[in-house]
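Visitor: I've never looked at this structure before. Please pick one part of it, take me through that part closely, and then show me how the rest fits around it.

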Amino acid sequence: MAKFCLLLCFSLLLIFGFPAIGSATKEEIGIMIHQTLEPLWDELIANRIAGAQFTLNGTLYKLVANEGKNMLHVKKYSPEGRTPCIVFAYHSFDGEEGFPGDLHVIVGSKLLGHNKLLITMKAKALNKATPVNLVNHAYWNLGGHNSGDILSEEIQIFASHYTAVDSKLIPTGEIVTVKGTPYDFLKPNTIGSKINKLTNGYDINYALDGSGNDKLKKAAIVHDKKSGRMMEILTNQPGVQFYTSNTLHQKGKGGFVYEPHGALCLETQGFPDSVNHPNFPSQILNPGTFYKHQMLIKFSNF
């Protein structure tokens, strides 16, 4: 049976609020979490897998469907303890999900200077080739966690293409241009400017420009003009999932109820369902090889 062990070390990260750097009033930038009792790092195989199955090296692996006939995220875990730097031990891939190989994963974060957070996720395949796609699934509202929706926030996404999906949000395999679509944020624009052209909101993977190497590149910039807060995200991954909390309804910090479009997610990642699309960048990790995902988050005010 495949097993997964994740050691998560991070320090000085506030789960329900990050200090707005450079603000004379020391206001908070709200961080909204998918499930407030879970840690920030809960997506082990991120995003969707069509039909909850894939074939690798001639073997068909059948997974547990949890979104209709498909699979969305692998995120089972069992916290075993905490230290002053907050350490979690995770155990997953115990055979229930049907993934082939064992992984050893370490995720850590580090504050750089007074306004940058570097997140590093590393994995090693121990015995068999197996898929891996780790993400940070934080929910953000730069206006503050109780400021309402994020539709007036301005976003720029550094991607000329996105991976097209069907009605179930499963990638079709096509990588298409954003030009002339509601997904075009090559120039800064408010999130709400085009959202009415979509059924529920944004939940799409962008193919970032300049991919193909391990260097950090710009993925997105978000700006809340009311507060002056800005967040810039860089990554070494080929994609970023832009999600506008289309089904969010959860009681959160101070008893405030978070509603749809009350936050946004920018999940740097490998392409969704890459195990079923040979034309997508591979997320298969072979024994003796290493996976390294970095995400740099910069905060500023102006």
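Guide: Let's start with a pair of charged side chains. In this predicted model, R48 and E67 form a salt bridge, and their closest N and O atoms sit 2.8 Å apart. The two partners come from distant parts of the chain: R48 belongs to strand β4 (residues 45–49), while E67 is in the loop between β6 (59–62) and β7 (71–74), and 19 residues separate them. Are the two partners buried or exposed? R48 counts as buried because its relative accessibility is 6%, under the 20% cut-off. E67 has a relative accessible area of 28%, so E67 is partly exposed, between the 20% and 50% limits. The pair also has company: R48, E67 and D203 are linked in a network of salt bridges.

How many salt bridges are there? The count comes to 4. One of them joins K225 to E154, with 3.6 Å between the closest N and O atoms. K225 lies in the loop between β18 (217–224) and β19 (229–235), and E154 is in strand β13 (residues 154–157), so this bridge ties together parts that are 71 residues apart in sequence. K225 itself is exposed, with a relative accessible area of 59%. Another bridge runs from K218 to E232, where the closest N and O atoms are 3.9 Å apart. Here K218 is in strand β18 and E232 in strand β19, so the pair ties together parts 14 residues apart in sequence. K218 is partly exposed at 40% relative accessible area, whereas E232 is buried at 15%.

Now let's step back from those bridges to the chain they belong to. It has 25 strands and 0 helices. Of its 302 residues, 54% count as buried. If you take the contacts with a separation of 6 or more, 69% of them are between residues 24 or more positions apart. On the outside, the chain exposes about 13400 Å², and carbon and sulfur atoms supply 54% of that area.

What about the inside? In soluble globular proteins, nonpolar side chains tend to be buried together. The largest nonpolar core in this model holds 43 residues, and those with the most contacts inside it are I157, Y202, Y206, M231, F242, L266 and I297. Strand β10 (residues 116–125) gives the largest share of this core, 5 residues. There is also a second, separate core of 10 residues, and F54, L56, Y61 and L63 are among them. For a view from one spot in the big core, try M231: leaving out residues up to four places away in sequence, M231 touches W140, L142, A220, I221, V222, L266, I297, K298 and F299.

F242 is worth a visit too, this time for its ring. The whole structure has 10 aromatic pairs. In one of them, F185 and F242 meet edge-to-face, with 6.1 Å from centre to centre and 85° between the planes. F185 is in the loop between β15 (171–177) and β16 (189–190) and F242 is in strand β20 (residues 239–243), so these rings tie together parts that are 57 residues apart in sequence. F185 is buried with a relative accessible area of 0%, and F242 also counts as buried, at 0%. Ring pairs link these two with Y162, Y183 and Y202 into a cluster.

Not every buried side chain here is nonpolar, and T268 shows that nicely: T268 is buried, with a relative accessible area of 0%. Its place is in strand β23 (residues 265–269). A polar contact of 2.7 Å joins the side chains of T268 and H293. Setting aside neighbours within four places in sequence, T268 is in contact with residues including L134, V135, A219, I233 and M295.

Last stop: two loop residues with a backbone angle to look at. N57, in the loop between β5 (53–56) and β6, has a phi near 55°, a positive value in a residue other than glycine. H261 lies in the loop between β22 (257–258) and β23, and its phi, near 65°, is positive as well. N57 counts as exposed at 68% relative accessibility, while H261 counts as buried at 17%.

Definitions and conventions:
Residues numbered from 1 in each chain as written. Predicted model: local features only at pLDDT ≥ 70, side-chain atom pairs only at ≥ 80, totals over all residues. Heavy atoms only, no water. Helix = DSSP H or I, 4+ residues; strand = E, 2+ residues; numbered from the N terminus. Buried < 20%, exposed > 50% of the residue type's maximum accessible area, 1.4 Å probe, protein only. Polar contact = N/O pair within 3.5 Å; in protein donor to acceptor, adjacent residues only side chain to side chain. Contact = heavy atoms within 4.5 Å. Core = buried A, V, L, I, M, F, W, Y, C linked by side-chain atoms within 4.5 Å. Areas by Shrake-Rupley, 256 points an atom, 1.4 Å probe, with all protein chains shown as cover. Phe/Tyr/Trp six-rings, centres within 6.5 Å; stacked < 30°, edge-to-face > 60°.
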